Amino acid sequence: MTGAFARSGVPQVTVKGMAMHHAQSQLHRFLNCLGGYVRHVNSYSLGTSAVLLPYVLGDVYWLLGHSTSKSVIAAHAELVVAFGGISPKNAAVTPGGVSRHNTHGWISAARARGCRFVSVSPLRDDTPAEAAAECIAPRPGSDAALMLALAQVLDADGLADTDFLNRYAVGFERFAPYLHGHTDGVVKDPLWAAQITGVPAGRIRDLAHEMAASRTLVTVSWSLQRARHGEQPLWLGVVLAAMLGQIGLPGGGFGHGYGSTAMVGEPHREVSAPRLPQGSNGVAAFIPAARIADMLLNPGASYSYNGQQLTYPDVRLVYWCGGNPFHHHQDLARLHAAFARPETVVVHDPFWTATARHADIVLPVTMSIERDDFGAGDNDRMFFPMPALTRPHGAARDDYQIFGELAERLGAGKEFTQGRTTSEWLRHLYQQWRLTIADHGHTVPEFGEFWAGDGITLPVTGPEQVLLADFRADPDAHPLTTPTGKIEIFSETIDGYRYPDCPGHPVWLEPEEWLGAPAARRFPLHLVANQPRTRLHSQLDVGSHSQSAKVAGREPVRLHPEEAAIRGLADGDVVRIFNDRGACLAGLVTDDAVSRGVAQLSTGAWYDPDPGNPGFCRHGNPNVLTADRPSSALSQGCTGQLALAEIEGHRGDAPQLSVTGPPATA
Ligand SMILES: Nc1nc2c(c(=O)[nH]1)N[C@H]1C(S)=C(S)[C@@H](COP(=O)(O)OP(=O)(O)OC[C@H]3O[C@@H](n4cnc5c(=O)[nH]c(N)nc54)[C@H](O)[C@@H]3O)O[C@H]1N2
Ligand SMILES: Nc1nc2c(c(=O)[nH]1)N[C@H]1C(S)=C(S)[C@@H](COP(=O)(O)OP(=O)(O)OC[C@H]3O[C@@H](n4cnc5c(=O)[nH]c(N)nc54)[C@H](O)[C@@H]3O)O[C@H]1N2
Ligand SMILES: [Mo]
């Protein structure tokens, strides 16, 4: 099949946020008016969760939107065990914006009441200081082994809530024999897990007992599923919470991403904010988001996804609007080869990103401060006008204007614009929404008054939200949306797919790259490529805030002081980080908040390849090092979070960057 492929997402969590100028919605609406396009499903953010959780607990976005409120955790939890931490830098962000920053507030309130925090992470500063968290640092990628040992202790020591498991879950009897070594001869006890994770066996045993003795929230960050076999720690988080029997109780149970974005733990809105309709897509073909390079390189090839056998379409034209794949995709040298295949690549961006530099046609677009819109963050209670603060720079135009004129030339202008200007759309969308919200019994001001004001507070269903409280109260009246209506510790459906990298119940599967793998002899550092502190992904990396964190003009890489010392490296050095896929330069920062054996290089430095070698980035984009390998055949999710690498001092003069200035024009 031939078609156009469209990708976008700012950021890729949901399509809410800005109502009118959301780039993804604009592009989809445009292509739908022309008959459709090969679309992507899921996201880099939550590609593994989105596929796994419907089998185990429910739809991921429903679960995030109905997570137990932070205020309820603050008031009731006695122990919070956070796999991947509760990162304050990430929780300051939500697609569409955050009106009230409350991460520090709920954590301080919980702590003041005596709640303990355990942060399971290779980085000590993944949890705010006021949590006074105990830090447990398993080898990256080994959390599933730690969680299995916690489960094994709960079961062996008679601490599992069997009444809860019988009433609300299925499949524990298929999982328990694996814990106790009856299926493979390996008992998943703390001694076993200690060898894999590096966490002392005694601490694992005691933690299991503490979890059973307390009102305990088990929360798993999104980062853990952005890795090879990322299904396993996520599924085990649900299994641990089920074994503790606290799902549906205030302050206990399961959470996913309390430190990943601000939306998690905010009460659910009764009515969502208005947004531009995208229309409907006449093309059925799709790919999981992170399979872009595979698709471009292997048209016609067959692959597995979520129980289906699919074929990659033959895409000749790529249209990118609101994303930067030469920042976000793994193995950028491979992506570089993949982008040579389509006949035409069109990119809209306000900046000369690496992606724009890979395009045949670049259309400069406005930024949100240059146009009128209204907005609301996901699950955020404020809905507010966003009048333009300044006029468009140079020849930049709104995505809407560009698509409107292209649609006109392609004979679909009326369909795309419906004859409305931006301000007419804003008024129209608001007025329609005002009727919807009136149906729910709420009155909001007329458009004129709204536009002149500071925003309105949206009604929520219940501020003191407890995830799955109704299911707990009456599992027959409020079954889950899983195949059995219960929590699935063993999934018959997943088991039936016979995927070696995602069997019917959660297991420990060694990733190809981790500190216990043979490859670690050559590449003895586990690279953690997490989200950046000083920007959103790659956005505004040339701006002063992001630049203020650079070291010797490169992206900072953090390393434990002893790891630096054994390599003869010092703070401020330009270093070369490398593995078999590629290499990048970075500026060294030593910090004992980083575990031994770990190097942290956040995503988002604008990719600045050596002209002769796409696998060498002079600036510090970690995606020249990460593998373009899916989480599993089940979910085909992104695994960019983790990779093995080694670091050495850069010899000679550090090369000049070219990406910070505009390219030479033809
Ligand atoms: N190694 C590794 N890689 C990762 C991750 C990881 O953990 N590790 N995380 C992944 C995750 S979770 C995500 S969400 C992705 C993020 O990847 P992306 O979403 O691709 O990253 P952004 O830098 O936000 O790209 C947005 C682009 O849109 C442009 N833009 C801004 N406003 C507008 C507009 O109005 N119109 C148009 N047309 N363009 C606009 C910006 O200038 C920017 O270039 O990265 C993924 N990549
Ligand atoms: N400031 C800022 N905030 C953001 C973003 C941003 O770009 N900048 N992006 C937003 C987006 S789109 C998303 S999807 C979310 C992502 O939210 P997350 O995926 O939760 O964020 P990350 O920063 O990638 O990872 C969080 C932490 O997980 C830890 N971790 C990594 N691997 C392992 C492991 O194997 N085991 C354990 N126990 N811990 C591990 C790392 O130390 C890392 O700092 O963040 C959002 N928030
Ligand atoms: Mo994301």
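The paragraphs below go through the surroundings of ligand 1 and then turn to the cysteines of this predicted model.

Ligand 1 has 32 residues around it, and of these His328, Asp349, Ser538, Gln539 and Asn623 come nearest. Three of these residues have side chains in polar contact with the ligand: an oxygen atom of ligand 1 is 2.5 Å from an N or O atom in the side chain of His328, and an oxygen atom of the ligand is likewise 2.5 Å from such an atom in the side chain of Ser538. For Asn623, the ligand contributes a nitrogen atom, which lies 2.7 Å from an N or O atom of the side chain. On its own, ligand 1 has 920 Å² of accessible area, and the protein covers 96% of it.

The shell around ligand 1 is made up of 21 polar, 7 nonpolar and 4 charged residues. Helix H13 (325-328) and strand S13 (344-349) each supply at least two residues to this shell. Because domain 1 (2-46 + 271-457) and domain 3 (518-649) both give residues to the shell, ligand 1 lies between them.

Turning to the cysteines, a search of the whole structure finds 0 disulfides. For Cys115, the closest cysteine sulfur belongs to Cys135 and is 15 Å away, which is too far for a bond, because a disulfide requires sulfur atoms within 2.5 Å. Cys115 also counts as buried, with a relative accessibility of 0%. Cys321 is likewise in no disulfide, the nearest cysteine sulfur being that of Cys33, at 14 Å, and Cys321 is buried too, with a relative accessible area of 0%.

Key:
Residues are numbered from 1 along each chain as its sequence is written. Chains are lettered from A and ligands numbered from 1 in the order in which they are written. This is a predicted model: local features need pLDDT of at least 70, side-chain atom pairs count only at pLDDT 80 or more; totals for chains, interfaces and linings use all residues. Side-chain values use heavy atoms; hydrogens and water are left out. A residue is near a molecule or strand if one of its heavy atoms lies within 4 Å of it. A polar contact is a pair of N or O atoms within 3.5 Å; within protein, one must be able to donate a hydrogen and the other to accept it, and residues adjacent in sequence count only if both atoms are side-chain atoms. Accessible areas come from the Shrake-Rupley method with a 1.4 Å probe; for residues, only the protein chains shown count as cover. Helices (H or I, at least four residues) and strands (E, at least two) are DSSP runs, numbered from the N terminus. Ala, Val, Leu, Ile, Met, Phe, Trp, Tyr, Cys and Pro count as nonpolar, Asp, Glu, Lys and Arg as charged, and the others, Gly among them, as polar. Domain bounds come from an automatic or database domain assignment. Buried means under 20% relative accessible area, exposed over 50%, partly exposed in between (1.4 Å probe, protein chains only).
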